[in-house]
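Good morning, everyone. Before I begin, please bring up the sequence and the model on your own screens, so that we can look at them together.

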Amino acid sequence: MLDIKFIRENTAKAKERLALRGTNYDAAIDEAIALDDKRKEIIGEVETLKAKKNKVSKAIPQMKKAGEDTAPIMEEMKEISTRIRDLDAALADTEAKLKDALLGIPNVPADKVPAGTDDSQNPELRRWGTPREFDFEPKAHWDIGAEKGILLPEVAGKVTGSRFHFYRGYGARLERAVINFFLNTHTDAEGGYTEILPPFIANGASMTGTGQLPKFSEQMYQLGKEDSDLYLIPTAEVPVTNMYRDDIIPADQLPIRYAAYSACFRREAGAAGRDGRGLIRQHQFNKVELVNFTAPEDSWEQLENLTHEAERVLQGLGLPYRVVCLCTGDIGFSSACTYDIEVWMPSYGRYVEISSCSNFLDYQARRANIRCRNADGKPVFAHTLNGSGVAVGRTVAAILENFQNADGSVTIPEALRPFMGCDKI
């Protein structure tokens, strides 16, 4: 969440930049400031009363010694104690309301984030590779999967529901190969990431720490009864980031870089039409997530490194892609700046998102109380970043479509052949 001090000192800028997200947050900001004013007022009155109480308490023994009547002043002290108790309760209530107000305000888009209303206004930063020109009519990955018997959405629909998949035979092996290739690449000498296998369930505090709660509760799979505090994770970002919740990270350990495989679970319905078929938008999917913890002064450099690391696996597979910078109207709730990597999908005739790499600055760290020490040894909020390295199902879809052949076979990228044990499906 945002620092109330930042909001107070940059009110006009915060309102201006947040408005570019497409929603007016002026009222929310004004409410936060008003609650902070009330908080300060209560604290001031409590401190005044406590100072008076301490002063008078010291005088009572002298009054008794002098034979003076202390009954009136004792009654006054009783009233002051009652008032302090009431004010402490009011302070706790006000601080809770202030926290709730701040939790509902998204991160302020960084100055480098371009203004825009939707993804059509995301500027392209660079491209890698050239989309293939087919000398035959290419098929969509869901048709390839059906013909090869390696993707079985209809069976998953019977067993679970829509937007789930069974992978079968070489389909399952390809998904597993991609996961292993990603993890091996990110944890090699160049990547330098440490592999993490996290739990696929997280509690409410963890979901709040990374920004999923309370804003996106309707997209979560909550376990058990309605009052349950456990959720299926929407991304490994949640458990991995919360590894350091309420901790102070020693400066000599930064930056910390983790690569984590997990299954991901999301209720989001997604766009109608083409996204409803195949592997592009699922309620359950696999992903290898990259999570970074860094000192505040290094986070922008780390964002570039993180994005490069996500690009590296696509280059290793030979998949054409482009990188765009999300505009203010398309950026995520917790992010200050996001680069999307979009892979070329022949069935769509365009680039499709396959990875998002984001710098959250101290927004998540403030929610989760993740700190590090600065050069003076003083605890400060760390900066957190994360990126998909990359979405596994979408990578499988891109491989099936980009490397299909006229005879119906699919060529396996060379980097995956040691995992697959074959060069074609």
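I will talk first about a sheet and the helices on it, and then about one short helix.

Please keep in mind throughout that this is a predicted model. The sheet is an open one of eight strands, which run in the order 1-9-10-11-14-8-7-2 with mixed pairing. Strand 1, residues 124-128, and strand 2, residues 194-196, stand at the edges with a single partner strand each, so that one side of each is left without a neighbour in the sheet. On average, and ignoring direction, neighbouring strands here are turned by 25° against each other.

At one of those edges, strand 1 pairs with strand 9, residues 321-325, in the antiparallel sense over four bridges, and there E124 has V324 of strand 9 as its bridge partner.

Turning to the helices, helix 7, residues 170-186, packs on the sheet and touches strands 2, 7, 8 and 14, its direction making about 10° with that of strand 8. Helix 10, residues 299-317, also packs on the sheet, where its contacts include strand 1 and strand 9, and its direction makes about 10° with that of strand 14.

Which residues of helix 5, residues 141-148, are buried? They are H141, W142, I144 and G145, and because they fall within an arc of 160° when seen down the helix axis, they line one face of helix 5. These buried residues pack against strand 10, 337-345, and helix 12, 392-402, whereas the face turned away from the buried side carries the exposed residues A146 and E147. Just after helix 5, finally, G149 takes a positive phi of about 70°.

Technical notes: Residues are numbered from 1 along each chain as its sequence is written. This is a predicted model: local features need pLDDT of at least 70, side-chain atom pairs count only at pLDDT 80 or more; totals for chains, interfaces and linings use all residues. Side-chain values use heavy atoms; hydrogens and water are left out. Buried means under 20% relative accessible area, exposed over 50%, partly exposed in between (1.4 Å probe, protein chains only). Helices (H or I, at least four residues) and strands (E, at least two) are DSSP runs, numbered from the N terminus. The arc is that of the directions from the helix axis to the C-beta atoms. Contact means heavy atoms within 4.5 Å. Two strands pair if DSSP finds at least two bridges between them. Axes are lines fitted to C-alpha atoms, for helices over the stretch in contact, and angles run from 0 to 180 degrees between N-to-C directions.
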